[in-house]
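Trainee: I have a new structure to look at. Can you show me how to read it, one feature at a time?

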Amino acid sequence: MKTDGSAGRPAPFDDLDRRLIHALQTDGRAPFSRIAEVLGVSDQTVARRYARHRGSGGLRVLGLAEPRALGEVEWLVRVQCAPDAAVSVAEALARRPDTSWVSLMSGGTEIAAVCRSGSSEHSDALLLQKLPRTPRVVGVAAHCLLHEFYGGPQSMISKSGALTDEEAARLSPPPPSSHLRSSEEDSRPGPPAEPVVLSDADRRLFEELGRDGRAPLADLAAATGWSPTTVRRRLEALRADGVLYYDVDYDLRLFGYGVMVALWLSVAPAELAATGAALAAHPEVAFAGATTGPHNLFASVLCRDTGALYSYLTTRVAALPGVRAMESAPRIRHIKGPGPYFAVGPAAPRSRR
C-alpha cells in the first residue's frame with residue numbers, strides 16, 4: 001500500500017481514486033467493467049484500487065434505506081455529558097440499530113447523533129427511555145429533521161467534479177419511479193405516497209448491505225433465503241421505489257479534509273427555504289436540513305483546515321439571507337457513520353454528517 005511517509009499513513013487519494021469514489025457514489029453496485037469503461041482504465045485497475053482502499057479502511061460502499069420512504073422520522077440529538085463519560089455514552093448510542101452519525105463534539109463533552117423512530121408518536125420512547133441512563137448525562141436536546149436540502153444519496157463527492165457531468169450521467173441509474181416531487185422549488189424527489197413496509201427478509205437484506213453494499217448476490221441470497229435471481233430483482237425494485245440507495249463512506253483525511261464542523265443556524269422563517277437551498281449548494285456542505293428548535297437550519301461542513309473554515313464562515317455563510325444567529329461545534333472523534341457500528345477497525349474521520 002502506498003503511504004505518505006508520515007507514520008505509515010495511507011497516501012491521499014489521487015485523481016483516479018477520486019474518480020472511482022465518485023463513480024461508486026453514483027452507482028454503488030455498478031460492475032467494475034462499466035466503471036472502468038467510463039474512467040478509461042482496465043477492469044483490473046478498478047478492481048485493484050477498490051480492493052486496496054476497502055481493505056485499508058479508506059472507503060466502503062453501503063446500501064442504505066431511505067428513512068422517509070419507510071415513514072420514519074429522524075432526530076438530530078445533542079447529549080451533554082461529563083468528560084469522563086462521553087466516550088462510553090457515545091459508544092452505547094452507537095451500538096443501537098436506530099442510531100447513525102454518532103460523534104464526539106467540541107471539547108469532548110457533547111455527543112451528536114442521528115436517531116430514527118417509526119413516527120413522531122414514538123419519539124418520547126426513543127429519546128427518554130432508550131438513551132443510556134447515567135447520572136453523567138447532564139442534558140439532552142432533540143431536533144426533528146423536517147426537510148433535507150442535501151444528503152442521502154447526494155454526497156460531497158458529487159460536488160467535487162471528479163467525474164464530468166457526461167461521465168456521471170453514463171453511470172447514473174434511472175431515478176426512483178414512485179417518488180413525488182416535494183415542491184416546485186425542490187427538484188429532489190419526495191417520499192412515496194404511502195410508506196413502504198419491509199419484510200423480515202428485506203431487513204436481513206439491508207443488514208447485509210449496510211455492511212457491504214457490493215456484497216455478492218450469493219451472500220445476499222444466503223442471508224435472505226431467496227435465490228440470487230430473486231435478490232437481484234428485489235434490489236432493483238427497492239431502488240426503483242426509492243427505498244434503497246448506495247453511499248460511499250470514506251476517510252475524509254485522504255480527501256484533503258482536516259476539519260468537520262456541525263453548523264447550527266437560526267434563520268427567519270420566511271427565508272428558511274431559500275437559505276437552506278443556498279447553503280446546500282456550497283461545496284463545503286456535506287449535509288443540510290431544516291429542523292425544529294431555535295436553530296432551525298443544520299449543516300455538516302467540511303474544510304481543509306481552520307483557516308479555510310474561518311474564510312467560509314465569514315464569506316459564504318455571512319452572505320446567506322435571513323441568518324439571525326450561528327453556532328458551530330467541531331467534531332473531535334467519529335464513533336459511527338451511516339452503517340452498522342464496528343467497535344474494532346481503523347479509526348478515521350468518515351463522511352459526512
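Trainee: Which residues does Cys303 touch, not counting residues up to four places away in sequence?

Mentor: Keep in mind that this is a predicted model. Cys303 touches Tyr257, Gly258, Val259, Glu284, Ala308, Leu309 and Tyr312.

Trainee: Where does Cys303 lie?

Mentor: Cys303 lies in strand 9. The C-alpha atoms of Cys303 and Val285 are 9.0 Å apart. Along the chain, 18 residues separate the two.

Trainee: Is Cys303 buried or exposed?

Mentor: Use the cut-off: buried means under 20% relative accessible area. Cys303 has 4%, so it is buried.

Trainee: Now the sheet. How do strands pair?

Mentor: Strands of a sheet pair through backbone hydrogen bonds, parallel or antiparallel. Here, 8 strands form a closed barrel with antiparallel pairing. The order is 2-4-3-10-7-9-8-5. Neighbouring strands are turned by 35 degrees against each other on average, direction ignored.

Trainee: How many bridges join strand 7 to strand 9?

Mentor: Strand 7 and strand 9 are joined by 7 bridges and run antiparallel. Within this pair, Trp264 stands opposite Phe298 of strand 9.

Trainee: What about strand 7 and strand 10?

Mentor: Strand 7 covers residues 259-267, and strand 10 covers residues 323-336. The two pair in the antiparallel sense over 7 bridges. Ser266 has Ala325 of strand 10 as its bridge partner. Val267 stands opposite Val323, also in strand 10.

Trainee: Which strands does helix 11 touch?

Mentor: Helix 11, residues 306-317, packs on the sheet. This helix touches strand 7, strand 8, strand 9 and strand 10. Its direction makes about 20 degrees with that of strand 7.

Trainee: And which strands does helix 4 touch?

Mentor: Helix 4, residues 86-94, also packs on the sheet. It touches strand 2, strand 3, strand 4, strand 5 and strand 10. The direction of helix 4 makes about 170 degrees with that of strand 3.

Trainee: Back to strand 7. How should I read its two faces?

Mentor: In a regular strand the side chains alternate between the two faces of the sheet. In strand 7, Val259, Val261, Leu263, Leu265 and Val267 are on one side. Met260, Ala262, Trp264 and Ser266 are on the other. Both faces are covered.

Trainee: Why is strand 7 called largely enclosed?

Mentor: Count its residues: 9 of the 9 are buried, so strand 7 is largely enclosed by the rest of the structure.

Methods:
Residues are numbered from 1 along each chain as its sequence is written. This is a predicted model: local features need pLDDT of at least 70, side-chain atom pairs count only at pLDDT 80 or more; totals for chains, interfaces and linings use all residues. Side-chain values use heavy atoms; hydrogens and water are left out. Two strands pair if DSSP finds at least two bridges between them. Helices (H or I, at least four residues) and strands (E, at least two) are DSSP runs, numbered from the N terminus. Axes are lines fitted to C-alpha atoms, for helices over the stretch in contact, and angles run from 0 to 180 degrees between N-to-C directions. Contact means heavy atoms within 4.5 Å. Buried means under 20% relative accessible area, exposed over 50%, partly exposed in between (1.4 Å probe, protein chains only).
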